[in-house]
Every structure is written in C-alpha cells, then in structure tokens.
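User: Hi! Could you walk me through this structure with me asking as we go?

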Amino acid sequence: MTPEVRGLPLVAQAEGVARGTWKSRDLVEAYLDRIARLDKRIGAFLLVDAEGARRAADSIDRKVAAGEAVGPLGGVPVGLKDIFVTRGIETTAGSKILKGFIPPYESTATARLAAAGAVRLGKLNMDEFAMGSSNENSAFFPVHNPWDLGRVPGGSSGGAAAAVAASLCAGTLGTDTGGSIRQPAALCGVVGIKPTYGRVSRYGVIAFASSLDHPGPFGRTVEDAAALLEVVAGHDPMDSTSIPQPAGRYRAASKTGIAGMRLGVPKEYFQAGMDPEVEAAVRAALDELGRAGATLLPVSLPHTEYAIATYYLICTAGASSNLARYDGVRYGHRTAEAHSLEELYGKTRGEGFGAEPKRRIVLGTYVLRAGYYEAYYGKALRVRRLIANDFAAAFAEVDALVAPVSPTPAFKLGERLSDPLQMYLGDIYTVAPPLAGVPALSQCCGFTKSGLPIGLQTIGPALGEEAVFRVAGAYEARTDWHRRLPEDPA
Amino acid sequence: MSTLDYEAVIGLEVHVQLATRSKIFSVSSAEFGGEPNQHTDPVCLGLPGALPVLNRQAVDMTVRLGLAVKSHIRPRCRFARKHYFYPDLPKGFQISQYDEPLCEGGAVTFRLDGEVRQVRLTRIHMEDDAGKNIHDSSGVSFVDFNRAGVPLCEIVSEPDLRSAEEAAEYLRAVRTLVRYLGISDGNMEEGSLRCDANVSIRPRGASRLGTKTELKNINSFKHVRDAIEHEIARQKALVGRGEAVVQETRLWDPDRGMSAPMRSKEEAHDYRYFPEPDLPPVVVDEAWLAAARVALPELPEARHARLLGLGLSAQDVSVLVAERPIGDYFDRALAAAPAHPKKLANWLINEVLGRVADARQLVDPDVPVPPAALAELVELVEQGTLSGKLGKEVFARMWQERRRAGEIVAAESVSLVSDTAVIEEACRRVVERSPDEVARYRGGNAKLMGFFVGNVMKETGGKANPKLVNEILRKLLA
C-alpha cells in the first residue's frame, strides 16, 4: 500500500512500517516524488540522496519481513539540516566555503537517528553557518515558505521547517542558536524544540557559537518532535558539554495533560511592536491552556531587554573563532590563485564566505580584541548569567513559561535583507532561552487572516523538557491548527 | 658606561611534549613519527563539527610536574582559545590556557658549578601542539598533522636567569625533572622539549627590566647557549653604540650563528583569547592531588643532596642523578651493599655506564648485571675474595655471560688465595732469594715494598689476597 504521506505524522509512519501496513520504500518513493514535484518551488533540500535512502529503506523492509526489530523510527524518511556532518555525503552548512566537502565521519545525532531506523532522505537548506532568520543567507538559494511562496520560512533552519510543513519528509533535525529552530517552526506552522543545552550532542554539528548551539528536531505534531528527541537526546562522551542524564520520556509527557500546572506569562514578551494578530492568537492560546487546567500567572524576566545585545556579542565572538578553520588549507573552497599565505587566506575567505558570516566574523573579531575583553565579552557573560538567573527565579514560581515566538508572522522575501538590525530585532523572544540554556518549543497556535501560521512558545526549566511537552501536547490535543496543511504549490 | 657594567636578564618558556598514549583532545596516537598524517582524526584535523575531549592523563602529568616544582595547583582551571592563522594550525586557534592555568608559581632547583640555584616559575599550562609544515624543494608546501594535538605543557619561568650557561643548565634541569617524572622523554632533537628565551640587559644593580627580545627556534642545549650569548652580546653592542634595543621576536639561525628579526611588537598577534566553550572547567580535587603526590618519585635535587650526604664526590653524584635510571640502579645496588656507596658508585660509573649507550637500558630487566649482582661483586672485592683487577675481569664475564659473581668465582676458582700458609710460603721464597733488596728495605727504602708484593703476586699467579701479602711481608721484613 502506498500511503498518502501529505500530513501523515512520523509516529504513524513508523507504526505502519513496523506493522507491515506499508513499506519504508513506499514512504521513501512517495517523498522522493513530492520532492521532485514540489521542491523546486520551495527550495528546502540542498541535496537529495535518493539511492542512499532507497538502500536504507530496503534494508529496513527486509528486517521487517524477517521479523526483526527496526527501532522506534524504523523506516521513517527524515531530512537533516546541512549543518549535521554526514559521512560520505556532502555537507556545506549552506556555505560556498564548504562546497564539495565530503565528511569522513558522522555526527552523533544523525548516527542515533540511523540507529533508530530513520532513513536519511537528504540535506536541508539553511542560512549560511546558521546565521540568519529568513534563510535568505543560504549561499545557494533561498527557501520559500510553503504557506506563501513569496515569504520567508524563517531561519536559520528554514529548510528543515519548510520540509516538514510541505510534507517533503516525515521529520527533520535542525539547530537553534538564537531561535533557529523555534522561529522557522513558528513561521511554517510546525513543531520545533530547542532542548536543554547539552541534551543533544553537538559532535558533528558544524559550530557557529559553541555555547549557544542547540541541535533539536522538527515534527508535524508534538508527539513527532518528542519521538525524534527521545532518539537523539542523551549523553555523548564525544561532546564534553553533553549532560550526563539519559533522554526523558517525552512522548508519554506529551499526553499527560496539564491539570494543576502553573504557567508563567512573562510580561516582557508582550511588548509594543508585536503584530496584533500574533498577540491575539497567543493570548487566545493562553486562555485555552487555562481551560485545559493550568493556572496562568504573570511573571517577569527583567533582563530580557539586554538579551539581543548579549546574544550578538557572544555569538559573533563564537563565530569569529569557529569560522577561523575555513582557510582553504585542508578542505572546502580554496582560491584558484594565491601568491602568498596571506593572499591564500584573504581570497579563500573573501570568496567563500557570504555577507552575513563576514559581518559576524568582523564583529566577533572586534569584540575579542586585546584590551576589550572585559568591556564586551566579559560583560556579555555576566549579563548572560543575569538572564539565566531571571529564568531560574521564574521557575521557582512556575512549571513553564508561555510566550510568543516571533513578533510577526512570515515576512516577504527580500523585505529585511537591506536592514540586518531589523532582522536581528526579530529574534527578541527567542534569544534568551539559548542564553539560559533552557528548553523551549514552538508550535502553531493559529493563523493570520492572510493564512500565515503563528507560533506559541513554551519554555521550561533546564532539563525540564517533559514540562514543555506536557504543555505543548495538551494544547495540541485541544486545537486543530496542527492539522491544517499548506496547499501543494502548483 | 662600559658594556661590562651590564647584566643579562633571561626567562625561558619551555614546551614539554607529554608522553601520553593519545592526543590531548582526541583518540589518535601521540607517538612521534609515522607516515605523514597517519595519526589524525576529525578533532585534531579541525574538521567542521569536531569537538575536543580532554585527555585526563595529560592533566595528571601536568599536575605531577606542578607538585614536583611546588606550584599552586588550581582546584579549577580552564582552557582558552588562542587565535592565529597558520597552515599547521588546523582550527585557526590553539586550545591553550590563559587567565586560569593549571599551575601557578613554584620553582625549579638545580646546581651550577656545585652551587644550588633556584629559578621561580610564573606558571605551567596545558595546550595542544600544532602540526608541521614541510616545504618541498620544488616550492610546494605540505602539512603533516601527526603532531597536531599532541599534549604540551608550557613552563614559563620568571626572569631569574643571568647567563646563557645558567639558562642551559636550567633547561637541563627541566629535562631531568620531566624524565624523572616519566611525563616526557625530553628529547630536543625530536622536539619533545622546545624552548623560547626572553632576553634583556640592564645596568648591573638596576631593578628595572630592559627592553626584551624573544628568541625562537633554539632547539638544542648548544643552541640555547649560543643564541642567548649572541643575543646578550648583540644587545650590549647596541647599547654601547647608544642605540636602543627594539622589542621584537627573533629567529635563531644555528647554521649562521646569528638571529634575525621575525616580527616586531607592532606586528605581534592579537590572539583574541576567550574561554574555550567546548570544554568545561577542569576540576582537580584533593583526592587527585593526593594520588599524584603519592606517585611522585624522589626528585633529582633531593637525590642529589642525599647522595652527597653518603660522602660521594660532587662529580659522581652529578652522574648518578643526571638520569633517573642511573640513580635508581645505584639505589637498588646500595640497598644490597649499604656499606660501600663510594665503591658502588665507582663500579657503576666506570664499568656499567661504560657498557650502555642509553641510561634507559638500565631499567630493562634484562640489563646483564642487575644492581644486586653488582653489589655482590663489590662485596667480594671489599672482603678481599677478589682483587680490583680480578673483579674487573669477573665483571666483564658477568656482563658477557649474564652470570652472578659468586657463581663464576665458585665454579672456576678465580678467587684470591687467602690461605695464610700458602701466602707465607710464597713470601718467604721471595724474601730468601732477594737479600740485597731486604737489606735496602731494612735500611729505610720503604718503596721496595712494592717490589716484594709484585714478586709474591707473580709467585701466586696474581691470586694472592693483597691485604694478607702486605701483612705477612711486613712481619717477615720487620
């Protein structure tokens, strides 16, 4: 039987494979067909590994036929943001400087997906080195929002969000540094979770800002995201910042309900400048959570106003450091002609990096220069501590926080390109959780009159993914937003 | 002011490659050599997405060094990224330590011309080594990353050294120490011990430091001495001409015997240090320190003092202390023959060391004459069972045949004749056939005793116990 994969949850797909209702190969062919028909309009995939996916699917199908276990994600086709290093498969981080780079090793998160039986369909488009909020910073081509092809899908994991929204694969992995999972999830109307820092290994995830980079999944439903996170989370000795606790039972948590939960509504997340349709949808969602049995309490995160400045000091410093290795000596792009070492570096990096990485490398180099460490980076670390303390204080009172994700719905392609500062300010509700390292999930809580999705953010305490999944699962169970699908582009 | 009135002020930065099995942040072998890029992995190649994982053995070795020089070991230290671009630096930064090094303070003690010197240390920190650029004669350059990620500890001294000779001796003491601790082979030729020198001069008696230069590429004890001597002379000449010393980094060219400027203060790197976000702080707790302390061997300076206390000559002690296996051999022999430290030292230095190319061969359980066997031989000589000359012959056979002295003596009756009757008989024969010499001896020519002893030895085929021969002759000639 060939299933209709459009809108079909990942969890249901895995169950169908395990029960023999359909084959993994059928799912793969269905998605390959959709990608072939639709993705030239969306631009979610940078690379489709059709042969590899067919081989992996056939192997799963043989196991099912032989009665062997195929893992919790057995046979489910997934896509990977092109920031995850994949052995033998080109990995670019959306940058020309890594064009042609074939990694000799596999990231921990993608290896765990494969071990759980997931089938890798291909690599997903992204803002170059995860720097951006619109996916327009991809060095190759932009991603179009499946809900309105003239609009951005958000970023930097725009391909990962759009691929799930457009049913081009069952689930995806992305990364979130300042909102790069939650904001595109909101703008594309899917579920995305940035877990606790260290919950998912960064080994094999191309670094942007090491202390802020959080790998995490996208799913069509809360349970899909939970199922993916259960597989990729857990301690990894290859990442020294990985936390020792094993993954939690997130699928179960998503069905527990929220009766008696105390949910905080941070006043700093409802400020002037928010799109009225977004605010209305989020406030309606809060009411719905109240009806579901939660108590809503006003809370304050007083250092929120410093979050964007703090974030951009820390992330640009990290970028200038992490991107130093792209020098044309060992792998990736090397300039065709250089007559000195300095010229090799200058031309390779000048040609290889796009405008946004260059801007952040320059800013980060400035931030870290001798004699100014305390004025910028040192101070940013201290403010980061205050922001984390804000969350800790709030979580002494409440079990989770609920808030908007993005102050606006998806904006038009090109609209903010000429104004990087405006683009940075769009991150206002997403940058604080990664600074604090706490988990946060984005899910759809409504649509604008013009049909654009609006996101609801649930933020939990460190290691409190279960609380986040409880809230998100309860909300989803009472609403139908997640069932809405964008029209397939003609 | 004449240049004679200036004194040199020198501080050394010594890089020691730690003898861990794997690299400091990854799994590849840290061993020297191999095919180019044989010992590499995603981490030490700086591949995208690779992350460092700290090798605790490297920390433990640095802790041992810190304890040995009485540094303060930080209970919590951290790594920092030090940025610069160079083809042999795969990540575009070195993972080093900056404001929170593992060890602070401490001192290295050594002897120069018998006098105890102490050089204070600023700090000892850990970092990863870079790879190696190889330039082909055709103008093509290659990079070998086998060395990239090999653990280093950098020992930074205070400017307490005053001469090139003293600097070289300090460096030797550092090498001896790291070898004693078993944390490095300290081999300058293979680059497991490397050194940069900061040199300045100032009027003797002044307390302010002069402008310093940093000398790089001084990778043998001879180069250290030559380069520093040359630099002191160069600075004195500059000042003598009324010119100023320029703060700069200079590269020593051992072939030409001179240094050349590498980069000036203005061209100095801005390393943009910041805390390494991929590594949590390193916590060294009391239990770790206690275990490391227990594992420390007797250190060279303590051994030096102890052996001098046994009445050994300063020269012998220097030889015994210079390499840990020599001193260990001596101590084990001494435990078996505690009454004869000087004799043991002589035998060890003259006979044993003359037969091994490298002191490390002494720790081999297969060393042909183990310490207890040497002690047994020395006892036989000292008891008079063997003469010194016979002892040497027996030693040669012990080394050759891997047999114990007692065994050789018993099996082949090479021992000295100590039978008083036999010796007395031989002495009488010699005295009787030499009336003239007897008369002259009795007339006061005491030197003739040698003549009588020699003849008795001939009579007995060299096997008579010389002590008894002397005693009996004295009686007969009285």
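Analyst: Happy to; we can talk about domains, the chain contact and the nonpolar cores, keeping in mind that this is a predicted model.

User: Great. Which domains does the assignment give for chain A?

Analyst: The assignment gives domain 1, covering 10–300 + 400–483, and domain 2, covering 303–388. Their C-alpha centres lie 26 Å apart.

User: And how many residues does each domain of chain A put into the contact?

Analyst: Domain 1 of chain A gives 30 residues and domain 2 of chain A gives 26. On the domain 1 side, helix 14 (420–425) and helix 15 (432–436) of chain A each supply at least two residues. That side of domain 1 divides into 18 nonpolar, seven polar and five charged residues.

User: Switching topic: how many residues do chain A and chain B each bring to their contact?

Analyst: Chain A brings 35 residues and chain B brings 26. By class, the chain B side has 17 nonpolar, four polar and five charged residues.

User: Now the inside. Which residues have the most contacts within the largest nonpolar core?

Analyst: Those are Val119(A), Ala400(A), Val471(A), Ala167(B) and Ala197(B), in a core of 231 residues. Helix 2 (residues 164–181) of chain B provides the largest share of this core, 10 residues.

User: What does Ala167(B) touch?

Analyst: Leaving out residues up to four places away in sequence, Ala167(B) touches Ile10(B), Leu12(B), Leu161(B), Ala197(B), Val224(B) and Ile228(B).

User: What lies apart from that largest core?

Analyst: Another core, of 30 residues, including Ile326(B), Tyr329(B), Val381(B) and Ile408(B).

Methods:
Residues numbered from 1 in each chain as written. Chains lettered and ligands numbered in written order. Predicted model: local features only at pLDDT ≥ 70, side-chain atom pairs only at ≥ 80, totals over all residues. Domains from an automatic or database assignment. Contact = placed C-beta atoms within 7 Å. Helix = DSSP H or I, 4+ residues; strand = E, 2+ residues; numbered from the N terminus. Nonpolar A, V, L, I, M, F, W, Y, C, P; charged D, E, K, R; others polar. Core = buried A, V, L, I, M, F, W, Y, C linked by C-beta atoms within 7 Å. Buried ≥ 20, exposed ≤ 12 C-beta atoms within 10 Å, placed from the backbone.
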